[in-house]
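Subject: Structure for you to look at

Hello,

Here is the structure I promised to pass on. Please open it next to this message.

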Amino acid sequence: MTKNNQSNDTSRFRSGFVAIVGAPNVGKSTLLNRMLGEKISITSKKPQTTRNRILGVFHRPSAQLIFMDTPGVHEASNPLNIRIVETALSAMGDADIILILLDVARPDPVSEGLMVSKLKQGKRPVILALNKIDLVNKDDLLEIIDRWAQVYPFEEIVPISATEGTQVNNLIEAMEKYLPAGPPYFPRDTLTDMPERFIAAEMIREKIFRLTGEEIPYSTAVTIDFFKEEKAGAFIKIHATIHMERDSQKGIIIGKRGAKLKQIGKASREAIERFFGAKVFLRLFVRVQKNWSRDTKALRKLGY
Ligand SMILES: Nc1nc2c(ncn2[C@@H]2O[C@H](COP(=O)(O)OP(=O)(O)OP(=O)(O)O)[C@@H](O)[C@H]2O)c(=O)[nH]1
Ligand SMILES: [Mg+2]
């Protein structure tokens, strides 16, 4: 990636990459969306929602912070999860600053241990954000801060609530201080580098995470077969395929007389319309790609 030098006063400007890393479900994607003020990364109550590195650019008068939302770090066993944990850990290697996010209400010693062991191999500034403080009382919080201060010499420890927005500005300011000096990487109007097709596929995946249960979300991948803006952006025509691992899952996602698929389609279409600010015509297809999550070739084809 090349730096662009279009900014006139770059002498005091700071810019760099921040990897947002943490165990599954701690609120990394929620925090990214909150900081950007735009929903670009999908979220759900279920762990392992995010599977790719999601880039979001945050512009300040004096700095540009390029956030990388990552999949939750955990002890992975199947090929899909091994792949997504690699994605998260490699983002740590590419970052100027590492932002570790924890859920104060739900400690996860295994994942936390994994991340801290990785930190000890690097020399980058590391900031710790303790998320979901709306769920614990103040006294417990002080104890948690104390405990973490002894685990690793974090540059800063900032308690936040991503859903309520509490202390999120303080966190941004803390990160800005540790950014390297340099001109912005992206023009001022850039929000993300993700292709429109990818964003549309993710929105569909989010609705499946939210509207189905058990193993269904984890057996789902979504690809876009057709994406075209019609009438100068007035409406977008999208064909997407939902890939399931087994025939029985295909039945579940379609539902009785197609009811489930209809519900997923409607919710997805509305989310895509909100994001692109255009009317959307969405057609969903369901197909079975046997055991795709355990097949490295299939994983690559499906974007992992
Ligand atoms: N109460 C509370 N809930 C939160 C907060 N931040 C996030 N959540 C909830 O936590 C759940 C997980 O949020 P995500 O943003 O999807 O978490 P994630 O870390 O990106 O998860 P993965 O992508 O699976 O690793 C969602 O239900 C969020 O609404 C917070 O500050 N307080
Ligand atoms: Mg996420």
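Below is what turned up in the sheets and the helices that pack on them.

One caution before the rest: this is a predicted model.

**The six-stranded sheet**

Six strands make an open sheet, and their order is 2-3-1-4-5-6. The pairing is mixed. At the edges sit strand 2 (54-59) and strand 6 (156-159), each paired on one side only. From one strand to the next, the twist averages 25°.

Helix 4 (residues 138-151) packs on this sheet. Helix 4 touches strand 5 (126-131) and strand 6. The direction of helix 4 makes about 155° with that of strand 6.

Look also at strand 2 and strand 3 (residues 63-69). They pair in the antiparallel sense, over six bridges. Within that pair, H59 stands opposite Q64 of strand 3.

**The three-stranded sheet**

A further open sheet has three strands, in the order 7-8-9. Its pairing is mixed too. Strand 7 (221-230) and strand 9 (279-288) are the edge strands, and each pairs on one side only. Neighbouring strands here are turned by 15° against each other on average, direction ignored.

Strand 7 and strand 8 (residues 235-244) run antiparallel, joined by nine bridges. I224 faces its opposite number in strand 8, A240.

Two helices lie across strand 8 and strand 9. Helix 7 (residues 247-254) runs at about 155° to strand 9. Helix 8 (residues 259-276) runs at about 135° to strand 9.

Best wishes

Technical notes: Residues are numbered from 1 along each chain as its sequence is written. Chains are lettered from A and ligands numbered from 1 in the order in which they are written. This is a predicted model: local features need pLDDT of at least 70, side-chain atom pairs count only at pLDDT 80 or more; totals for chains, interfaces and linings use all residues. Two strands pair if DSSP finds at least two bridges between them. Helices (H or I, at least four residues) and strands (E, at least two) are DSSP runs, numbered from the N terminus. Axes are lines fitted to C-alpha atoms, for helices over the stretch in contact, and angles run from 0 to 180 degrees between N-to-C directions. Two residues are in contact if their C-beta atoms, placed from the backbone, lie within 7 Å.
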